[in-house]
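Let's take a look at this one together. Keep the picture open while you read, and start with a single residue before zooming out.

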Amino acid sequence: MEMKFARRFMRTAAVAVLASTAFGATVRAETITVVSGAVGNAVENFKAYVKPWEEKTGNTVTLVPMPASTTDQFGQYRLWLAAGNSDIDIYQTDVIWAPQLANHFVDLTEAAKDLIPQEFPSIVQSQTVGGKLVALPLFTDAPALYYRKDLLEKYNVAVPKTWTELAAAAKTIQDGERAAGNADFWGFVWQGNAYEGLTCDALEWVKSYGGGQIVEPDGTISINNPKAVAALEEAKSWVGTISPPGVLAYQEEEARGVWQAGNAAFMRNWPYAYTLGNGADSAIAGKFDVTTLPIGAEGDSSAATLGGWNLAVSKYSKHQDAAISLALWLAGPEVQKMRALNESNLPTLKALYDDPDIAAKQPIIPQWKNVFLNAVPRPSAPTLSHYNEVSAKFWSAVHDTLSGNGSAADNLANLEADLMDIKGDNNWQ
Amino acid sequence: MTTTSLEHGKDRGASLQQQRARAAFWFLAPMLVALFCVAAWPLLRTIYFSFTNTSLDNLYGGHLIGFGNYLRWRTMPSGAVRYYGTLVDPDWWNAVWNTVRFAIVSVSFETVLGMIVALVLNAEFKGRGLVRAAILIPWAIPTIVSAKMWAWMLNDQYGIINDLAVKLHLLDHKLAWTASTDTAMIAVLIVDIWKTTPFMALLCLAGLQMIPRDIYEATKIDGINPIRVFFKVTLPLVRPALMVAVIFRMLDALRIFDLVYVLTPNSSATKTMSVISRENMFDFAHFAYGAAQSTLLFTMLAIFVLLFVWIGKVDLTGETNR
């Protein structure tokens, strides 16, 4: 009796297996999983970007949204990749990750041979490790100083050129707006939380004061110098005066929250905030403009940290061909143009900077071409696999300084000693 | 019935005691196997990793290096000796201090508040069942959700707590609770106490309900005042249950991770041992160094439990009650 049942079960199972293979052979629909940090309307926009590809190939795409903090994303991705996780096919990677994660991704040089000549060479270079193209550039990023042109006009202040001018202008507007009844108004919001974003903000202060870029391209540790100390002292003086004390816990979205509610005169943020600030639910639509970040003193030059996101195909993916096809679609000109129009993301393809639609709808983009071409890279190239630790030490030293935990000079001297330990005797090897 | 069937089995010669022990072993075996797989093996692996130079990028390529992750030194060309390793890492000792401070303060508050809540719930009143269920809500909410919820409530610009406190004149200006190094730990403590007091109350309540009612009737007849009754009757009788509850909470508090990670990420004022160990393992890829910190955390927990059981004469086996 039991034997009979078992035999019947086996027969049914065999038929089912055969049926499914036959079915699979004709349709072969695959599900590609993409993991990406999500800010603003990223999730809804993403669905629109992949739809044409899904219709063309019959495959489906699932987006796994991650926290906006790049530090949190990196920790999770490193864990998945170290474990050889095959659930994720495509990772959206930060510009600084390529040297640290190169071994886990597929070489895209061959697949992207038509796309590469259309890209800015410096961006392709940042994603190439030892001759291997680790990730396809999706969009690039360089921050801007957002300012409220209505308020600058109202208080008759010029667009600030130096950090000192910025502080003075912020103070004037903040005092005026508070006297007019808005007790929650602040002069300047930025990203002060202890995470990768603070490394970006602080690198801009230090660099625009002529204080170097933490670790120079040849591997020298340059951070302990009087100009860097002056830059951090300046930033510290903002906390609690022109910037809310809570700025020390702000990331991009918290800063944008205060700014977009109309409660700040200036904001340091990435171009994505441009579209969102002009959105229908924004209190400041049409009332703001952007400029380059201020400088330390006359003769210094403005510094913007080079950001940007890329798409990498996991070596452990079970659908590599489909994943590469999707990555090429998402990094291609159609989607980059959609991204530029919808999210004011800066394209990585040269031709799109002359695109009339983009120039009409997102004037910030053609205007920003030179800013990102001259942007400062974070020291991820010279510090190799130690970049994360270097960045964490740097943002901790800055965060300590800003929150009054030790002086800028002491904290940078300690930072220098810590970095020398990490660097070791073999120049970061 | 079990004994008869066993007696007729092939082990007829063995004594009843032996047969029972053998049966017990087979009943326990699945649990022992499961415990070995989910607890002992990962623990042993972690301890092993802490003596190697494994990095996250090459999990199977590490080799044994002895105590280097804990402490090693190098003589500089100048003749000075430099020490490296977890045991001389100021970040680690800062984390230890944060964790210990957090555990002592949070568990003290939770014990006192939990006891008070339990005493209230132990009294007979209308709707007691409903209140008992309602008070468990904070405990039932996943930590990640409650941490995020509190992060918004504590926000310096739009948080309801600042808004209420300023309107009621408890604060003269809005505080950046999670950002400022002075208040970050207080914020973590508030959320943890809010979340865990119900758990403590539940354990205390279970202890209170084991106290025979006739003792209270006797004190009532003797006319002893309620405060004296609490300290002379209730507290001594509930003590064994309370001690076990405190151990549970202490172990939980010493390994706190999720709340700190979500509420105040990367703040040196609140980083705990678990947070810093994860940071080294995954963010910095120093897998072995992080494993050494995990091993130290485990050692501290083990020493703590042994000391607590020994000094407090806590009966974890429950044999004396029988």
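## A tucked-away asparagine

Leaving aside residues up to four places away in sequence, N45(A) touches N342(A) and E343(A). Keep in mind that what you're looking at is a predicted model. To find N45(A), go to helix α2 of chain A, which covers residues 42–57.

Is N45(A) buried or exposed? Its relative accessibility is 14%, and buried means under 20%, so N45(A) counts as buried.

## Zooming out to chain A

Chain A has 18 helices and 11 strands. Along the principal axes, its C-alpha atoms fill a box of roughly 90 × 55 × 50 Å. For 429 residues, you'd expect a compact globule to have a radius of gyration near 22 Å, and the 24 Å of chain A agrees with that.

How much of chain A is buried? That's 54% of its 429 residues. Now take the contacts in chain A with a separation of 6 or more: 74% of them are between residues 24 or more positions apart. As for the outside, the accessible surface of chain A is about 17400 Å², and carbon and sulfur atoms hold 55% of that.

## A nonpolar patch on chain B

Over on chain B, a nonpolar surface patch of about 750 Å² is worth finding. Its members are F25(B), W26(B), L28(B), M31(B), L32(B), L35(B) and V38(B).

Let's pick out F25(B), which sits in helix α2 of chain B, residues 16–50. Its relative accessibility is 46%. Partly exposed lies between under 20% and over 50%, so F25(B) counts as partly exposed.

Technical notes
Residues are numbered from 1 along each chain as its sequence is written. Chains are lettered from A and ligands numbered from 1 in the order in which they are written. This is a predicted model: local features need pLDDT of at least 70, side-chain atom pairs count only at pLDDT 80 or more; totals for chains, interfaces and linings use all residues. Side-chain values use heavy atoms; hydrogens and water are left out. Helices (H or I, at least four residues) and strands (E, at least two) are DSSP runs, numbered from the N terminus. Buried means under 20% relative accessible area, exposed over 50%, partly exposed in between (1.4 Å probe, protein chains only). Contact means heavy atoms within 4.5 Å. Patches are made of residues with over 30% relative accessible area and no salt bridge: like charges are joined within 9 Å, nonpolar side chains (Val, Leu, Ile, Met, Phe, Trp, Tyr) within 5 Å. Accessible areas come from the Shrake-Rupley method with a 1.4 Å probe; for residues, only the protein chains shown count as cover. A salt bridge is a side-chain nitrogen of Lys or Arg within 4 Å of a carboxyl oxygen of Asp or Glu. The radius of gyration is taken over C-alpha atoms; the globule rule is 2.2 Å times the number of residues to the power 0.38.
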